[in-house]
Every structure is written in C-alpha cells, then in structure tokens.
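Subject: Structure handover

Hello,

Here is the structure you are taking over. My notes follow below it.

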There are 2 protein chains.
Amino acid sequence: MTEEIKGVQDYYPNDVAHCYGCGSLNEHGHHLKTFWDGDETISRFTPKDYHTAVPGYVYGGLIASLIDCHGTGTAALAAYKNENRIPGTNPPFRFVTASLQVDFLKPTPLGIEFELRGKILEVKGKKVISEISLYADNKLTAKGKVVAVQMPDNF
Amino acid sequence: MTEEIKGVQDYYPNDVAHCYGCGSLNEHGHHLKTFWDGDETISRFTPKDYHTAVPGYVYGGLIASLIDCHGTGTAALAAYKNENRIPGTNPPFRFVTASLQVDFLKPTPLGIEFELRGKILEVKGKKVISEISLYADNKLTAKGKVVAVQMPDNF
C-alpha cells in the first residue's frame, strides 16, 4: 500500500479546507495539490471532458480557477519556506487571492494532464505574489499572476 | 407556457456553444446568460452549495469563471450593437478571452443569487474590452476587466 503524496492543501486546517478548487474536504471539487519542485511549485490536473470552451479545448474559467488555487498553494509553501518551516508545522498557513491576472496565450487542449508551475516573485508581510504558467503537452498555453494574502480573520 | 428568455449565448452557433461557463449545449455547465440592461450588460447566477472557498463563501475560481464568460457575452452584445444588429442576425459573433483581471474586494457569500454587470470600455476591430462588477446582496464583492477577441479560425 502506498501512502498518498500530500500537497500543501492537505495541511490546511479542516475549517478552511473546503475550497472547490483545492480543498481536500470538498467532495465535488478539483482537489488540486501543490508541491515544491526545486525553486518552483508544481500542480498537475486533468480536466473532465465537459470542461469545454469549444470542443477539444479547455474553458478559460477552469484555467483561471486552477491558476488561482495554484497561486494560493504556492503562497502557503513560500510562507512556510520563509520561516524555515515545512507544511504540517504550526501555525498553519492559509492564503486567499486578492487579485488574479490571466493571459490566455493559446488554446489549451482537452484530454491530457496539464502542469501548473509557480515562481515566487515576492514574499512580504502577509502577502505573496507568484507567477503561474500552465503547460499542456509541454507547451505554455496560459500565464498568470496571483497576489495572495493570508486569510483575514473575518473570512 | 412562457418562452424562456434568451441570452446572447443562446445565439452562439451550435459548434461553439459548449462552453462550461456559458454554453447552452454543455449539460454539466453553468449556462450563464447575458442581456442588455440599458447601456450595461447583466447576468445572474446562483452558485451551488459546494462552490465553496471556505464555508459560507464562494470560491474565487467560480467568480473568475463567471466574470470571464460575462465578459465574452458582453463582447458579443457590444459587437452586434456596433453593427446596429441584434443577436440572431448573421454573421453571429463569438468571442474568447485574451486576458482576464479579477480583483477580489471582499468575500462573496454563498446561498444567494448574484448579479454580474458589464460596462463596455472599448470596441475596436475584433477586440472588445469590458469592465465587469459582481454584486452579492447589492454589495460589490469582485471587479474584473476582460479583453475579449473574436474567436480565431484556428480555435
């Protein structure tokens, strides 16, 4: 029996682990999992056949959603690293998105797994800015920038 | 028997009407419908209870997705108006998103219908830029900008 590899989202506290995009406790959601890969972060995702823009291609809303969640996961990883800690140590980090920019560079094909890669641009106080690239079949099809902030107490 | 009110998406040609966010032919999708309301455009949407960010609030990916689709619908409406035509006349307009910017201003509550409103900022050649505002319970919770372009032939 192999143990399931954990993403940073698997360390979100249970009361804030219901995000449709990346929460481990959302039964209906995408369950995106984000890891370190060298100095970059990585998530992988295979869309369903109905996540269509036009037949054969992924709709932009899913791409925006995954860039968003990969950005908040990346922010949490960056915040742990910034404190020389690893996910699973306390206190846990949980970021939300303040702003999201997505450039759709070319159509993203359906039917294959794609890869999201994140680069940390800035870690400052409670804010992390990252640049996210989405690759399908090793081709860059969308690029985004995510400004994430630590979840405020009133959320 | 009342006839269902049509949004601009109901006039998308059948071969490009499968968008998960707004295509009338996507069985699983959101079926967003966009109309004129004076000089602005409007769509309404009620999220499912599992479209969660954290319990009680809508996840940002859905918000980004709806702003995206409301932006492409707004672009199609603006293009018809620019030619003094109405949806249903030929040739039909079908736009896709080149870039999307979303600012999440405050948490968007789950459990209620929300309203998306679009303002046309620019109509130039095959490009339409619009500003989209999302209101929940009459409060502005997210704001976006969508650069939409007419769907290229290779899509």
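In which sense, and over how many bridges, do strand 1 of chain A and strand 2 of chain A pair? They pair in the antiparallel sense over 3 bridges, strand 2 being residues 40-45. One bridge partner can be named: Trp36(A) has Thr41(A) in strand 2. Two strands count as paired if DSSP finds at least two bridges between them. Helices (H or I, at least four residues) and strands (E, at least two) are DSSP runs, numbered from the N terminus.

Before the rest, some conventions. The model is predicted, so local features need pLDDT of at least 70 and side-chain atom pairs count only at pLDDT 80 or more, while totals for chains, interfaces and linings use all residues. Residues are numbered from 1 along each chain as its sequence is written, and chains are lettered from A and ligands numbered from 1 in the order in which they are written.

The chain

Chain A has 1 helix and 6 strands, in the order β-β-α-β-β-β-β from the N terminus. Its C-alpha trace spans about 45 × 35 × 35 Å along the principal axes. The radius of gyration of chain A (taken over C-alpha atoms) is 15 Å, which agrees with the value near 15 Å for a compact globule of 155 residues; the globule rule is 2.2 Å times the number of residues to the power 0.38. Of the 155 residues in chain A, 47% are buried. A residue is buried if 20 or more other C-beta atoms, placed from the backbone, lie within 10 Å of its own, exposed if 12 or fewer, and partly exposed in between.

The sheet and the helices

The strands of both chains join in an open sheet of 12, with antiparallel pairing, in the order 1(A)-2(A)-4(A)-5(A)-6(A)-3(A)-3(B)-6(B)-5(B)-4(B)-2(B)-1(B). At the edges are strand 1 (35-37) of chain A and strand 1 (35-37) of chain B, each paired on one side only. From one strand to the next, the twist averages 30°. Helix 1 (residues 60-82) of chain A packs on this sheet, touching among others strand 3 (95-104) of chain B, and its direction makes about 130° with that of strand 3 of chain A. Axes here are lines fitted to C-alpha atoms, for helices over the stretch in contact, and angles run from 0 to 180 degrees between N-to-C directions.

The two copies

Chain A can be laid on chain B with an RMSD of 0.0 Å by a turn of 180° and a shift of 0.0 Å along the axis. The copies are thus related as by a two-fold rotation axis. The superposition is by least squares on the C-alpha atoms of residues with pLDDT of at least 70 in both. In chain A, Gln101(A) comes closest to the axis, at 2.2 Å (C-alpha). Each chain gives 34 residues to the contact, where two residues touch if their C-beta atoms, placed from the backbone, lie within 7 Å. On the side of chain A, strand 3 gives the largest share, 9 residues.

Core and loop

The largest nonpolar core (buried Ala, Val, Leu, Ile, Met, Phe, Trp, Tyr and Cys residues joined through C-beta atoms within 7 Å) has 80 residues, and Ile63(A), Ile67(A), Ile63(B) and Ile67(B) have the most contacts inside it. By contrast, Asn138(A) is exposed, with 7 other C-beta atoms within 10 Å. Asn138(A) sits in the loop between strand 5 (127-136) and strand 6 (139-150) of chain A.

Regards
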